[in-house]
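Work through the following exercises with the sequence and the model at hand. Each task is followed by a solution in steps.

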Amino acid sequence: MGSPVAEMRELADKVLSEVSKVVVGKEDDVKIILSSIILGGHILLEGVPGVAKTTMAKAIASALDLSFSRIQFTPDLLPADIVGAMIFDQKAGDFKVRKGPIFANIVLADEINRASPRTQSALLEAMQEKQVTIEGVTMKLPEPFTVIATQNPIEMEGTFPLPEAQLDRFLVKLNIGYPSKDEMIEVLRRLRRIEEWPIRKVASASDIMKARRMAWDIYVDEAVLSYIVDIVEATRKHEAVSLGASPRAAVALVLMSKTMALLSGRNYVVPDDVKSVAKPVLRHRVILKPEAEIEGVNVEDIISDVLKRVPVP
Ligand SMILES: Nc1ncnc2c1ncn2[C@@H]1O[C@H](COP(=O)(O)OP(=O)(O)O)[C@@H](O)[C@H]1O
Ligand SMILES: [Mg+2]
């Protein structure tokens with residue numbers, strides 16, 4: 001038997017290996033998703049249709065033996081379609097609560113930009129509060145609870161982009177791109193019928209909650225804390241940036257770095273853990289100046305630049 005941290009790493013490796021039976025490539029993204037689920041944080045997945053966003057979410061939920069639900073966001077989706085409603089039970093002659101699809105450990109909110117701001121708010125409120133109130137009755141959402149919201153990078157007509165303040169509520173944002181040629185061939189080679197889903201359930205909700213407690217206890221040296229603050233401040237001072245990363249972003253960097261250390265079987269954070277989470281944590285929280293955007297500068301370059309400039313402890 002190894003140390004508790006080493007055992008947690010073994011468990012995480014098993015989960016990642018189950019997911020990789022279905023998802024080709026994307027190992028870094030899957031690891032970030034697993035870390036976010038451990039922390040109870042929410043994930044924004046950006047990518048065009050058909051790049052395995054749904055497949056990834058389902059595969060992770062299934063390897064972790066967590067309940068999963070998918071909500072397709074459309075312009076006519078109402079808050080009650082997410083949280084649920086009070087309905088009249090004929091037999092009992094009384095009202096009872098019909099819980100909505102938000103009551104699952106992993107909720108895939110597909111194409112979040114297609115619903116009205118009012119419906120988006122209902123989702124964001126539930127994400128934040130981890131509970132919902134239906135006609136005055138407050139109900140806790142299950143633990144762990146993570147929303148994976150997807151959006152298409154190509155802004156379509158009639159969509160509602162999330163305001164900056166709401167983007168900050170997502171622990172991480174991942175940009176899911178096309179597979180390489182070799183990966184694409186592997187996807188095609190592995191095609192199988194849906195009933196042959198090969199993923200075994202190798203962990204559980206209680207393992208996730210245990211990992212969360214352990215992650216919080218991972219040691220972070222003062223020098224690494226200072227490194228994180230320097231990175232956050234550098235995003236604010238960068239000449240191409242109009243709004244830099246918030247204190248909430250700094251908190252997210254620490255927690256994600258701790259969880260990545262745990263998944264590597266280490267009980268302390270190293271600067272490489274911070275680097276490995278910097279883009280997922282920061283990319284949706286840094287807003288460029290319009291003139292920088294016109295010149296073709298992008299957020300990914302800014303964060304790379306910041307990581308290059310800030311001295312590593
Ligand atoms: N990297 C990949 N690994 C495994 N399957 C993939 C990959 N990329 C695409 N696919 C396949 O493409 C199809 C579309 O995937 P899906 O998860 O529905 O995409 P999205 O939710 O992004 O629209 C699925 O059959 C999926 O298996
Ligand atoms: Mg999908």
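**Exercise 1. Describe how strand β3 pairs with strand β4, and what lies between them.**

Solution. In this predicted model, strand β3 (residues 84–89) and strand β4 (residues 94–99) run antiparallel and are joined by six bridges. To fix the register, take Ala 85: opposite this residue in β4 stands Arg 98. Next, look at the connection. The two strands form a hairpin with four residues between them. In the turn, Gly 93 has a positive phi of about 65 degrees.

**Exercise 2. Which strands pair with β8, and in which sense?**

Solution. Start with β1 (43–46). Over four bridges, β1 and β8 pair in the parallel sense; Glu 46 has Gln 151 of β8 as its bridge partner. Then turn to β5 (106–110). β5 and β8 also run parallel, joined by four bridges, and Ala 109 stands opposite Ala 149 of β8.

Now consider the two sides of β8. In a regular strand, side chains alternate between the two faces of the sheet. Thr 146, Ile 148 and Thr 150 point one way from β8, whereas Val 147, Ala 149 and Gln 151 point the other way. Both sets are buried, and with six of its six residues buried, β8 is mostly covered.

**Exercise 3. Is helix α3 enclosed or open, and what does it pack against?**

Solution. First count the burial: nine of the eleven residues of α3 are buried, so the helix is largely enclosed by the rest of the structure. Among the buried residues are Lys 53, Met 56, Lys 58, Ile 60 and Ser 62. Second, list the partners. The buried residues of α3 pack against helices α1 and α2 and against strands β1, β2 (68–72), β5 and β8. Third, check the residue that follows the helix: Asp 65 has a positive phi, near 55 degrees.

Thr 55 is also in helix α3. Its C-beta has 16 others within 10 Å; since burial requires 20 or more and exposure 12 or fewer, Thr 55 is partly exposed. Beyond its neighbours within four places in sequence, Thr 55 is in contact with Val 22 and Val 23.

**Exercise 4. What makes up the shell around ligand 1?**

Solution. Begin with the residues that come nearest. Of the 15 residues around ligand 1, these are Val 24, Ala 52, Lys 53, Thr 54 and Thr 55. Then assign the shell to elements: α3 (53–63) and α7 (181–189) each supply at least two residues. The largest share, three residues, comes from α3. Finally, sort by type: the shell has seven nonpolar, five polar and three charged residues.

**Exercise 5. Classify Glu 18 as buried or exposed, and find its contacts.**

Solution. Glu 18 is in helix α1. Its C-beta has 21 neighbours inside 10 Å, so Glu 18 counts as buried. Apart from residues up to four places away in sequence, Glu 18 touches Ala 63, Ile 199, Arg 200 and Val 202.

**Exercise 6. How is the protein chain divided into domains, and what does domain 1 bring to the contact?**

Solution. The division gives domain 1 (1–210) and domain 2 (218–313). Their C-alpha centres lie 24 Å apart. The contact takes 20 residues from domain 1 and 21 residues from domain 2. On the domain 1 side, α1 (4–19), α2 (27–39), α6 (164–167) and β9 (172–175) each supply at least two residues. α2 gives the most, with six residues. By type, this side has 14 nonpolar residues, one polar and five charged.

**Exercise 7. Where does the largest nonpolar core draw its residues from?**

Solution. Nonpolar side chains tend to be buried together in soluble globular proteins. Here the largest nonpolar core has 88 residues. Those with the most contacts inside the core include Leu 34, Ile 60, Ala 109, Ile 148 and Val 281. Helix α10 (residues 247–263) provides the largest share, ten residues. The core draws at least three residues from each of domain 1 and domain 2. As a last step, follow Val 281: not counting residues up to four places away in sequence, Val 281 touches Val 172, Ala 249, Ala 252, Leu 253 and Met 256.

Terms used. Residues numbered from 1 in each chain as written. Chains lettered and ligands numbered in written order. Predicted model: local features only at pLDDT ≥ 70, side-chain atom pairs only at ≥ 80, totals over all residues. Near = placed C-beta within 6 Å. Nonpolar A, V, L, I, M, F, W, Y, C, P; charged D, E, K, R; others polar. Domains from an automatic or database assignment. Contact = placed C-beta atoms within 7 Å. Core = buried A, V, L, I, M, F, W, Y, C linked by C-beta atoms within 7 Å. Pairing = 2+ DSSP bridges.
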